[in-house]
Amino acid sequence: MPVRTQVGIIGAGPAGLLLAHLLHRAGIDSVVLEDRSRPHIEGRIRAGLLEQGSVDTLVEAGLGARLLREGLAHDGLELRFEGQSHRIDLLGLTGRRITIYGQQEAVKDMVAARLETGRPLHFEVEEVALHDIATDHPRLTWTKDGTAHELHCDVIAGCDGFHGPSREAMPPEVLRVYERVYPFAWLGILAEAPPISHELIYARHADGFALATMRSKILSRLYLQCAPEEDLALWPDARIWEALQTRLGVVNTGKIIRKGVTGMRSFVAEPMRHGRLFLTGDAAHIVPPTGAKGMNLAVADVRVLAAALAAFFRTGDTALMDRYSEICLKRVWKVQRFSWWMTSMLHRYSGDDPFEHRVQVAELDTLVHSEAARTALAEQYVGLPYDI
Ligand code: FAD
Ligand code: DHB
């Protein structure tokens, strides 16, 4: 028996779960389909940095209780290069701050909120497929435990990340793709060690980039630039700590409880809408992690989509829906530029290029000596306003 809903949502990442929640608050029905298990999505370690606007969005949506209690608010960050550290006073320069709160914690909060509404969230579904997206009656089909299911929708939200089926369902002739793959990756660890500083440290070093962040007062999250297809077997714990010590100048060692390698790319697919299919978050765009923007961009897309769908279901007005892609892409490209710039300034590219080294140091030195330059960085880092 086919079932009906207003919005079929593919993916229970931050984008899909937040959208489901905002729609619920607007009295709009949705069904969320996720191909992984609940423990998997709740344990997946990814982003950790929330812009002030993302925090405000979660709090306004009633999803902020634990975030406000456990999140670590930061008023600044440190840039380290040529053996020296320099602080950027985010709060002083912009009046805004950022918050460290693990993405999987935000996901846990949103899963709990969704289950409390009693509206459907199906885990471990298989073979999700989109149909009739160019019509007013799109459909989703999938299987679960060997049984076929069909869902009739008014709208489909593709919140299924970079590898999901939604973007692939758009006709290739309407889709324009912009992409840059970087010649390096990040080796990330989670360690039972107190953070070396109460703020984040972004380090440029001749051996490559390093970042010191955290998940709590006793859990450090540390990243090292490495080769794109880096073999973790070549990185025993001692080598990781030694590289971090060299690049950051100081480390607090402890038991490493997670290790992983993340590739780096910039990617945008335009437009973000075709017919009744809307793409959000990583399904439409990827940024290299240096600017900490991926999850924040997903939140920004979802804010626009939730408002557009609320107008549509309330009055039938499609004006905001029709501008969804244009509105989101304006922010997406500014954030792409910022993430690419942070990446270019702080990483070692292939080979030894003394010109590249001197230009990077000059760029960083400009930040140290120019309040205007620091303000430009800080404005982007804490997050652009939503009405850009
Ligand atoms: P996802 O989180 O990828 O969610 C998509 C969901 O769809 C997943 O649950 C997936 O299982 C599901 N799905 C996929 N295919 C299917 C299918 N066929 N059927 C059903 N479901 C499907 N961002 C920041 O803002 N700040 C940071 O500090 C930061 N650091 C990062 C560090 C690392 C190491 C990594 C990897 C990423 C980081 N990011 C950061 C990026 C951030 O994690 C992503 O941008 C964010 O997860 C995007 O959310 P999303 O909901 O769009 O996509
Ligand atoms: C984190 C990740 C980032 O990519 C970043 O720029 C800042 C913080 C994190 O995982 O905490």
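Helices and strands are taken here as DSSP runs, numbered from the N terminus, with at least four residues for a helix and at least two for a strand. With that settled, helix H9 turns out to give the most to the shell around ligand 1, namely 3 residues. The model behind all of this is a predicted one.

Ligand 1 is a good place to start. There are 33 residues around ligand 1, and those that come nearest are Glu-34, Arg-44, Gln-103, Asp-282 and Met-295. Some of the contacts can be pinned down to atoms. In the side chain of Arg-44, an N or O atom lies 2.7 Å from an oxygen atom of ligand 1. The backbone joins in too: a polar backbone atom of Ala-292 is 3.1 Å from a ligand 1 oxygen, and for Met-295 a backbone N or O atom lies 2.6 Å from an oxygen atom of ligand 1. How much of ligand 1 does the protein cover? On its own, ligand 1 has 1,000 Å² of accessible area, and the protein covers 88% of that. Helix H1 (14-25), strand E17 (220-226) and helix H9 (294-315) are the elements that give two or more residues to this shell. Sorted by character, the shell around ligand 1 holds 14 nonpolar, 10 polar and 9 charged residues.

Now for ligand 2. Here 13 residues make up the surroundings, and Tyr-202, Thr-213, Arg-215, Tyr-223 and Pro-289 come nearest. Three side chains among these offer polar atoms to the ligand. Thr-213 has a side-chain N or O atom 2.8 Å from an oxygen atom of ligand 2, Arg-215 has one at 2.7 Å from a ligand 2 oxygen, and for Tyr-223 the distance is 2.8 Å. Of the 290 Å² of accessible area that ligand 2 has on its own, the protein covers 97%. Strands E15 (200-203) and E16 (210-214) each supply at least two residues of the shell, which divides into 8 nonpolar, 3 polar and 2 charged residues.

Two of the residues nearest to ligand 2, Tyr-202 and Tyr-223, show up again when the aromatic rings are examined. A pair of such rings is described by how far apart the centres are and by the angle of the planes. The count comes to 11 aromatic pairs. One of them joins Trp-186 and Tyr-223 in a tilted arrangement, 4.8 Å centre to centre with 45° between the planes. This pair links distant parts of the chain, since Trp-186 belongs to strand E14 (residues 176-192) and Tyr-223 to strand E17, 37 residues apart. Are these two rings buried or exposed? With buried meaning under 20% relative accessible area, Trp-186 counts as buried because its value is 3%, and Tyr-223 is buried too, at 10%.

Tyr-202 and Phe-209 make another tilted pair, with 6.2 Å between centres and 40° between planes. Tyr-202 counts as buried because its relative accessibility is 1%, and Phe-209 does so at 0%. Put the names together and a group appears: Trp-186, Tyr-202, Phe-209, Tyr-223 and Tyr-381 form one aromatic cluster.

Charged groups also meet rings in this model. The charged end of Lys-293 sits over the ring of Tyr-381, 5.8 Å from the ring centre. Elsewhere, Arg-239 lies over the face of Trp-235, at 3.7 Å from the centre of that ring.

Conventions:
Residues numbered from 1 in each chain as written. Chains lettered and ligands numbered in written order. Predicted model: local features only at pLDDT ≥ 70, side-chain atom pairs only at ≥ 80, totals over all residues. Heavy atoms only, no water. Near = heavy atom within 4 Å. Polar contact = N/O pair within 3.5 Å; in protein donor to acceptor, adjacent residues only side chain to side chain. Areas by Shrake-Rupley, 256 points an atom, 1.4 Å probe, with all protein chains shown as cover. Nonpolar A, V, L, I, M, F, W, Y, C, P; charged D, E, K, R; others polar. Phe/Tyr/Trp six-rings, centres within 6.5 Å; stacked < 30°, edge-to-face > 60°. Buried < 20%, exposed > 50% of the residue type's maximum accessible area, 1.4 Å probe, protein only. Lys NZ or Arg CZ within 6 Å of the ring centre and 35° of its normal.
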